[in-house]
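Open the structure in your viewer and keep the selection tool at hand. The stops below take it one part at a time.

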Amino acid sequence: MNDIVTRLRTAGCVFAEDEASLLTDAASSPSDLESMVDRRVGGEPLEQIVGWAEFCGLRIAVEPTVFVPRRRTEFLVQHASSLVSSGGVVVDLCCGSGAIGVATVAGMSEFELYAADIDLAAVQCARRNVEPVGGQVFQGDLYDALPARIRGQVDVLLVNAPYVPTEDIGMMPPEARDHEARVALDGGSDGLEIHRRVARDASTWLRPGGHVLIETSVRQAATTERLLADAGLTTRVEHSDEVDGTVAVGRRPLSSASGADQ
C-alpha cells in the first residue's frame, strides 16, 4: 500500500492515500491492481478506473470516455429537486452517465424519468444507472432522442450540456481533456452552441409552469439566461460559492398572460 501511495503522490494525486484505498478495494487481483495504478498514474480519472463516482450521496456507474459527474453539478440537482413533485416528468438531456436525472428523482416515490445523449458510450453507461430506478435512456441529438408523447409534459428539463469554448479545451485538466469524450466538453466557439439549441425549443417540451435548468459558468450565465428569456421563458440565475456551481433557470409561463409568474 505504501508503494502505491508513493506512486500516486509522485504522479500528483492530492488524495493519494484515499485513492490507493479505493483502487485496492476495486481490484480483483494483484495484477489488476497494478494495471489500475498504472492507469491512474497515467492520468486516467479515478472514477473511470474504479467504475463509479459518488454524486449526491449515490454511487453512479462510470465507464471509460464517459463524462465524470462533478460536485458542482449537485447544485443543479438541489434546485431541480425543489421544483418537481411526486409523479413529475423529469428529462436529463446530454445525460452522460445519467447521474443528474437519477439523483433528482432519488427522493421521489413516483416519477417518469427520461435521459438522452448523442454519445453511444454515454447511453450505454446511463442505462446502468437509469434503468434500475425505472427510467428510460435514448440515443440521439438533443430533443430528437426523446419520445414525442412527452412533448409539452416535462416538469423539469435538466441540462449539463458542454459549455467549454473550443479554444479552451486544451487548457482543461488532462483527466478531462484526454479521457472524456470531446462531445461532452466542447461547446463550440463561445461555449454556448448547445445552450442555444436547448433554449430555442425548451418551451415546446415543458408543461406550463415547467422549468429548464442549464448548468453554465459565471462568465457565461448572463448569456445563457438571455437565451432562455429570448425563447419566452421567465428566468433567473442561481449560484453557489461553496461548490462553484451556476445554473440558469427558465420557467414556461402558465399562460400567455402569466409571463411574470415565477
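Start by selecting Asp-18 and Asp-25, which are exposed on one side of helix α2. Now turn to the opposite face of the helix. Helix α2 spans residues 16-26, and its buried residues are Ala-16, Glu-19, Ala-20 and Leu-23. These buried residues are on the same side of α2, because the arc they cover around the axis is only 105 degrees. The general rule behind such a pattern is that an α-helix has 3.6 residues a turn, so residues three or four places apart point the same way. To see what covers this face, add three helices to the selection: the buried residues of α2 pack against α1 (2-10), α3 (30-41) and α4 (46-50).

Before going further, colour the chain by confidence. This is a predicted model, with an average pLDDT of 94 for the protein and a score of at least 70 for 97% of the residues. Residues 257-262 are where the pLDDT is below 50, and that stretch has 11 contacts in the model beyond near neighbours in sequence.

Next, show the strands. An open sheet is formed by 7 strands, and its pairing is mixed. Walking across the sheet, the order is β5-β4-β3-β6-β7-β9-β8. Which strands stand at the edges? They are β5 (136-139) and β8 (234-240), and each has a single partner strand, so one side of each lacks a neighbour in the sheet. From one strand to the next, the twist averages 20 degrees.

Two helices can now be added. Select α5, residues 74-83: this helix packs on the sheet and touches β6 (154-159), β7, β8 and β9, with its direction at about 170 degrees to that of β7. Then select α9, residues 193-205, which lies across β3 (88-93), β6 and β7 and runs at about 165 degrees to β7.

Zoom in on β9. Strand β7 (residues 206-216) and strand β9 (residues 245-251) run antiparallel and are joined by 6 bridges. Two pairs are worth labelling: Glu-215 has Val-247 as its bridge partner in β9, and Val-212 has Gly-250. On the β8 side, the pairing with β9 is also antiparallel, over 7 bridges. Here Thr-235 stands opposite Gly-250.

Is β9 mostly covered or mostly open? It is mostly covered, with 7 of its 7 residues buried. Gly-245, Val-247, Val-249 and Arg-251 point one way from the strand, while Thr-246, Ala-248 and Gly-250 point the other way.

Move to the turn that links β8 and β9. This hairpin has 4 residues between the strands, and Asp-244 takes a positive phi near 55 degrees there.

Finish with the cysteines. How many disulfides does the structure hold? The count is 0. Select Cys-125 and Cys-95 together: the closest cysteine sulfur to that of Cys-125 is in Cys-95, 8.8 Å away, which is too far for a bond. A disulfide would need the two sulfur atoms within 2.5 Å. Cys-125 counts as buried, since its relative accessibility is 0%. Cys-13 also counts as buried, at 8% relative accessibility, because the cut-off for buried is under 20%.

Conventions
Residues numbered from 1 in each chain as written. Predicted model: local features only at pLDDT ≥ 70, side-chain atom pairs only at ≥ 80, totals over all residues. Heavy atoms only, no water. Buried < 20%, exposed > 50% of the residue type's maximum accessible area, 1.4 Å probe, protein only. Arc of directions from axis to C-beta. Contact = heavy atoms within 4.5 Å. pLDDT = per-residue confidence, 0-100. Pairing = 2+ DSSP bridges. Axes fitted to C-alpha atoms, helices over the stretch in contact; angles between N-to-C directions.
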